[in-house]
Amino acid sequence: MTLQPRCEDVETAEGVALTVTGVAQVKIMTEKELLAVACEQFLGKSVQDIKNVVLQTLEGHLRSILGTLTVEQIYQDRDQFAKLVREVAAPDVGRMGIEILSFTIKDVYDKVDYLSSLGKTQTAVVQRDADIGVAEAERDAGIREAECKKEMLDVKFMADTKIADSKRAFELQKSAFSEEVNIKTAEAQLAYELQGAREQQKIRQEEIEIEVVQRKKQIAVEAQEILRTDKELIATVRCPAEAEAHRIQQIAEGEKVKQVLLAQAEAEKIRKIGEAEAAVIEARGKAEAERMKLKAEAYQKYGDAAKMALVLDALPRIAAKIAAPLTKVDEIVVLSGDNSKVTSEVNRLLAELPASVHALTGMDLSKIPLIKKATGAQV
């Protein structure tokens, strides 16, 4: 049997009048004992009478339960409300041999628009919550999107950083390799140039040795020539000049007046001869200077000692060249009559000799003990 219990304007626990309509499915129990109870209760009654009895029972329980609940509890949780009605009414109808198969709330409304207002409030709350939820969702979505973008940028930055690090490492390694190659190339080039320089140095050293040997031979030949010339001058000029000077001196002592005129003529002759001899000496001096220059270059590495040796070796030849004009003098007339005049002139020439040699060669002969002693004693 289908029943529709209805309670109109029933006040709830809050005093709000509600009208509630439910739908119930009931049937006569078939168990023998319960069926006997049902027969005892409804025997001789029509189906409508049975429905009325059960309907009134359900409506009574529905009314009593409505008075204990609030509107929100009834409206928002209808299943719980129907379950509560079924549980409360089931024992009573069960004692009449009736079983409640199901009970549901079909409709709930009021005449003062309470439920409508409640719905609007709830709708506003729901709308508000929905808007808040949408905003929060959009916010969360924006945050998540920003986080995703940040993560993407972080990943991209890390990838770019790794790429840059890899490129930098590659460039550094490449630079290191290039530097190493350049160093090895420079070392090889330097070694090649050093080896070439050593070879050139060896060749130049051998050439210098050859030049030194050649110059030594040339100097030896020139020395021999100078010795030969000195001997020739001594044999042809000096000895006869000395003999002639002695003879002239003896004659001059007895014939001073006569020799004055002869001396004048001879002085002019000597002057002319001296000029010619000076030109010869100058030419020979230049040749000797060139020879000394070559010799100085060959013995440069021996320092001042070599220069001093060269000067000492050259002194006899210089003295010979200085004395060369005297070998051609037939006679010397000393007008003062003082025999010491010749000696003083020789001393003067000897004293001036170190200065002349220093001016020509740059060597200070006055520092040689023997010459220093000689010139010092004479001065």
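This passage looks at one helix and at a set of salt bridges in a predicted model.

Helix H2 is a good place to start. Running from residue 47 to residue 66, H2 is built from 20 residues. From the first C-alpha of H2 to the last, the helix reaches 28 Å, which is close to the 28 Å expected at 1.5 Å a residue. Several residues of H2 are tucked away: Ile50, Val54, Leu55, Thr57, Leu58, His61, Leu62, Ile65 and Leu66 are buried. Looking down the axis of H2, these buried residues fall within an arc of 165°, so they line one face of the helix.

Now for the charged side chains. Side chains of opposite charge can pair when their charged atoms come close. Salt bridges are pairings of this kind, and the structure holds twelve of them. A few are worth walking through one by one.

Take Asp140, which pairs with Arg139 in a salt bridge; here the closest N and O atoms are 3.1 Å apart. How open to the outside are these two partners? Asp140 is partly exposed, at a relative accessible area of 40%, and Arg139 also counts as partly exposed, with 47% relative accessibility.

Next comes a pair inside helix H5, which covers residues 114-254. Lys149 makes a salt bridge with Glu145, and the closest N and O atoms of this pair sit 3.7 Å apart. Both residues belong to H5 and are four residues apart, or about one turn of the helix. As for exposure, Lys149 is partly exposed at 46% relative accessibility, while Glu145 is partly exposed at 43%.

Helix H5 holds another such pair, Arg228 and Glu225. The side chains of Arg228 and Glu225 meet in a salt bridge, with 2.5 Å from N to O. How far along the helix is Arg228 from Glu225? They are three residues apart in H5, so about one helical turn separates them. Arg228 has a relative accessible area of 43%, which makes it partly exposed, and Glu225, with 39%, is partly exposed too. Beyond simple pairs, salt bridges that share partners join Arg204, Glu207 and Glu211 into one network.

Put together, the picture has two parts. In H2, the buried residues line one face of the helix. Among the twelve salt bridges of the structure are the pair of Asp140 with Arg139, the pair of Lys149 with Glu145 and the pair of Arg228 with Glu225.

Notes. Residues numbered from 1 in each chain as written. Predicted model: local features only at pLDDT ≥ 70, side-chain atom pairs only at ≥ 80, totals over all residues. Heavy atoms only, no water. Helix = DSSP H or I, 4+ residues; strand = E, 2+ residues; numbered from the N terminus. Expected span 1.5 Å × (residues − 1). Buried < 20%, exposed > 50% of the residue type's maximum accessible area, 1.4 Å probe, protein only. Arc of directions from axis to C-beta. Salt bridge = Lys/Arg side-chain N within 4 Å of Asp/Glu carboxyl O.
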